[in-house]
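Below are some brief comments on the model you sent. They deal with one helix and one pocket.

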Amino acid sequence: GMKAEVAVGMSSCGIAAGARVVLETLNAEVTAKGLPWAVVSTGCNGACHREPLVEIRQPDGRTFLYGNVDAAGARRIAEGHLAAGVPVAELLVPPDYPYLARQKRIVLANCGTIDPESIDEYLARDGYAALRKVLSSMTPDEVVAEITASGLRGRGGAGFSTGMKWTFARRAKGAKKYVICNADEGDPGAFMDRSVLEGDPHAVLEGMLVAAYAIGSDEGYFYVRAEYPPAVKRLGMAISQATERGFLGERILGSGFSCTVHVKEGAGAFVCGEETALMASIEGRRGMPRLRPPFPAERGLWDAPSNINNVETYANVAPIVRMGAAAYAAIGTEK
């Protein structure tokens, strides 16, 4: 049957706006009144200016979104909507809210919808289907060709062809190769990477695993800013859940592919967003850019061939594998 859920947006933006008190108040109300509702946490749905956000998901499949909720509002929602089935009209965000209504979401499809701390909710939404598909039916070269054909470009800002980047790393000579996720995001007020890591960490992890398989790597690093505690925490949870379920570690899903992943917290140096400085920092050296060539694809982390992509770039990978390169390339404008 359908779930009866009350979802509170618990990304750092929601928490900063006061979502923790809202979550605690709703939990207290549901417990005190013995109501048959599960209070859950989710990531940010993008409407940060309306936070704290509370979404009621009724057993009949209907959803109601409340915005700018405080403790008093949470009590009103519990009394009116949860206990009596009467929505609190003046706190509702209209269902045809223009900010959300016209968006077609790919990277952010699960953000604000699923509980980022639950691998089962990710699996219920086609999670790890792309990893299963590449391991069971695609060669590494076919994966690289698919990403190349999709037209995906680096979302960190440089806009370089992701497929071409993977091609260089795949062709590079070396028994040991690394995949690295750049989650440093030092630009003031830039929160794309944070939103994805906090709202759907498995999506980034799955994309990175597909990249590891494609280039022939068995080890990965997430380089995340330490100023993002919820992102670091949820990423760590995602890694341990994925390991427990066999999506990470030795002989993944019964294939010949093995991969382990580490989280390295950056100390907040803006320069470490540059990939050669980032690698120096992982190695424990001062984060300083070095001249290129050699590029990371030839000599990167500990002088081994390495592939570095941004959080958002990796988050596009599983959707591309699932829908196919042609379908992905058809979205948006021509170029």
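Which residues of H2 are buried? The points below start there; note that the model is predicted.

1. In H2, the buried residues are Ala-19, Val-22, Leu-23, Thr-25, Leu-26, Glu-29 and Val-30. They lie on the same side of H2 because the arc they cover around the axis is only 165°. Thr-31 and Ala-32, on the other side of H2, are exposed.

2. The cover over the buried residues of H2 includes strands S1 (5-9), S2 (38-42) and S3 (54-57). Helices H1 (12-16) and H3 (71-84) are also included in that cover.

3. As for its length, helix H2 runs over residues 19-33, 15 residues in total. From first C-alpha to last, H2 reaches 21 Å, close to the 21 Å expected at 1.5 Å a residue. Gly-34, just after H2, has a positive phi of about 60°.

4. The second topic is the largest pocket, which holds about 880 Å³ of space. Its lining consists of 36 residues. Nearest the centre of the pocket are Gly-156, Ala-158, Lys-165, Asn-182 and Glu-275.

5. Which elements give two or more residues to the lining of the largest pocket? They are helix H8 (162-171), helix H9 (192-199) and strand S8 (306-310). S8 gives the most, with five residues.

6. By residue class, the lining of the largest pocket has 14 polar, 12 nonpolar and 10 charged residues.

Definitions and conventions. Residues numbered from 1 in each chain as written. Predicted model: local features only at pLDDT ≥ 70, side-chain atom pairs only at ≥ 80, totals over all residues. Heavy atoms only, no water. 1 Å grid on protein atoms, 1.4 Å probe; cavity = no way out; pocket = protein on both sides within 12 Å on 5 of 7 lines; lining within 4 Å. Points joined across faces, edges and corners; volume = space filled by probe spheres on them. Helix = DSSP H or I, 4+ residues; strand = E, 2+ residues; numbered from the N terminus. Nonpolar A, V, L, I, M, F, W, Y, C, P; charged D, E, K, R; others polar. Expected span 1.5 Å × (residues − 1). Buried < 20%, exposed > 50% of the residue type's maximum accessible area, 1.4 Å probe, protein only. Arc of directions from axis to C-beta. Contact = heavy atoms within 4.5 Å.
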